[in-house]
Amino acid sequence: MSAHIMVFDSGIGGTTVLEHIQQSIPHAQYSYFMDNALLPYGAQSQQTIINRLCGLIQFIKDESLNVDLIVIACNTASTSALSAVRQITDIPIVGVVPAVKPAAQITQSKHIGLLATPATVSSSYIDVLIKEHASTITTSLYSSVELVTLAETFFFTQRLDIEKLHAELSRLNINNDIDVLVLGCTHFPILAKPISDYFKARIELLDSGAAIAKRVSSLLNFSDNQAGIKKPLQYYATADICSDKLAVKQVTLFDPTLSDKS
């Protein structure tokens, strides 16, 4: 039987990670779950995100989905809620770690940037990550919620408001010394080419998609010849998606805080 991998994000950004995993493990069964009712997670509190992920675990159990591994393809959720959620399930969970370490290894100017959501940038996890892997260089932090919205629209419509994108990148005012920019939100690789074009390709953009795929492969010990009955990729969402691009099943997440009050 093919392994069942569920990839989770607040929106469509996690598909950038899903693509890497699918390339690495083509014969697995996949589900993609987006909690778009609360998009973007970068604007949510830590406790809210923990509650939503607890609701995801309950949903998997209630629907008997037989998930073998969960990928939290959201930097904000990974940095704020991963450890709490691992305590309530035996399902292996892989989180997303911003590519600070490889960025620090390849920078020539000794100055890198991390572009993520406000919640990720302000997390204590990022402070530890920088101290452990980028202590000898300069790391500048930049946050944006607007880029998440632009990425969502671009994915579903293939239309990008270049003026809004350039206005947001101008607002961020990325330091001219930076030669490597870490895309610390899984939505941002959707905009990688237009972002690179804005910087005239003078800044290298890094994300963690390939590294996550490698980690998933190692945990499942999965080889390419392991095939079985494979179902089509199932998309789930917690709010309506006005797009004909994907066939999405709309669902509701259980709220553990309401259960506690009953």
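The largest nonpolar core of this protein holds 46 residues, and Ile5, Ile21, Val71 and Val216 touch the most other members. Helix H7, residues 146-157, gives this core its largest share, 7 residues. The model is a predicted one. Its secondary structure comes to 11 helices and 10 strands. The radius of gyration is 18 Å, close to the 18 Å that the globule rule gives for 262 residues, so the protein is as compact as a globular protein of that length.

**Nonpolar cores**
- In soluble globular proteins, nonpolar side chains tend to be buried together.
- Ile5 is one of the members of the 46-residue core that touch the most others.
- Neighbours within four places in sequence aside, Ile5 is in contact with Ile21, Ile25, Ala28, Gln29, Tyr30, Ser31, Leu69, Val71, Val216 and Leu220.
- Among these contacts of Ile5 are Ile21, Val71 and Val216, which are also listed with Ile5 as touching the most other core members.
- Another core lies apart from this one. That core has 27 residues, including Leu38, Ile50, Ile72 and Leu253.

**Strand E5**
- Strand E5 spans residues 111-116 and is mostly covered, with 6 of its 6 residues buried.
- In a regular strand the side chains alternate between the two faces of the sheet.
- On one side of E5, His111, Gly113 and Leu115 are all buried.
- On the other side, Ile112, Leu114 and Ala116 are all buried too, and both faces of E5 are thus covered.

**Strand pairing around E5**
- E5 runs parallel to strand E6 (residues 138-143), and 6 bridges join the two.
- E5 also runs parallel to strand E7 (residues 180-183), with 4 bridges between them.
- Ile112 of E5 has Thr139 as its bridge partner in E6.
- In E7, Val180 stands opposite Ile112.

**Whole-chain numbers**
- The C-alpha trace spans about 50 × 40 × 35 Å along its principal axes.
- Buried residues make up 53% of the 262 residues.
- Take the contacts with a separation of 6 or more: residues 24 or more positions apart account for 76% of them.
- The exposed area is about 12500 Å², and carbon and sulfur atoms supply 48% of it.

Terms used: Residues numbered from 1 in each chain as written. Predicted model: local features only at pLDDT ≥ 70, side-chain atom pairs only at ≥ 80, totals over all residues. Heavy atoms only, no water. Core = buried A, V, L, I, M, F, W, Y, C linked by side-chain atoms within 4.5 Å. Buried < 20%, exposed > 50% of the residue type's maximum accessible area, 1.4 Å probe, protein only. Contact = heavy atoms within 4.5 Å. Pairing = 2+ DSSP bridges. Rg over C-alpha atoms; globule rule 2.2 N^0.38 Å. Areas by Shrake-Rupley, 256 points an atom, 1.4 Å probe, with all protein chains shown as cover.
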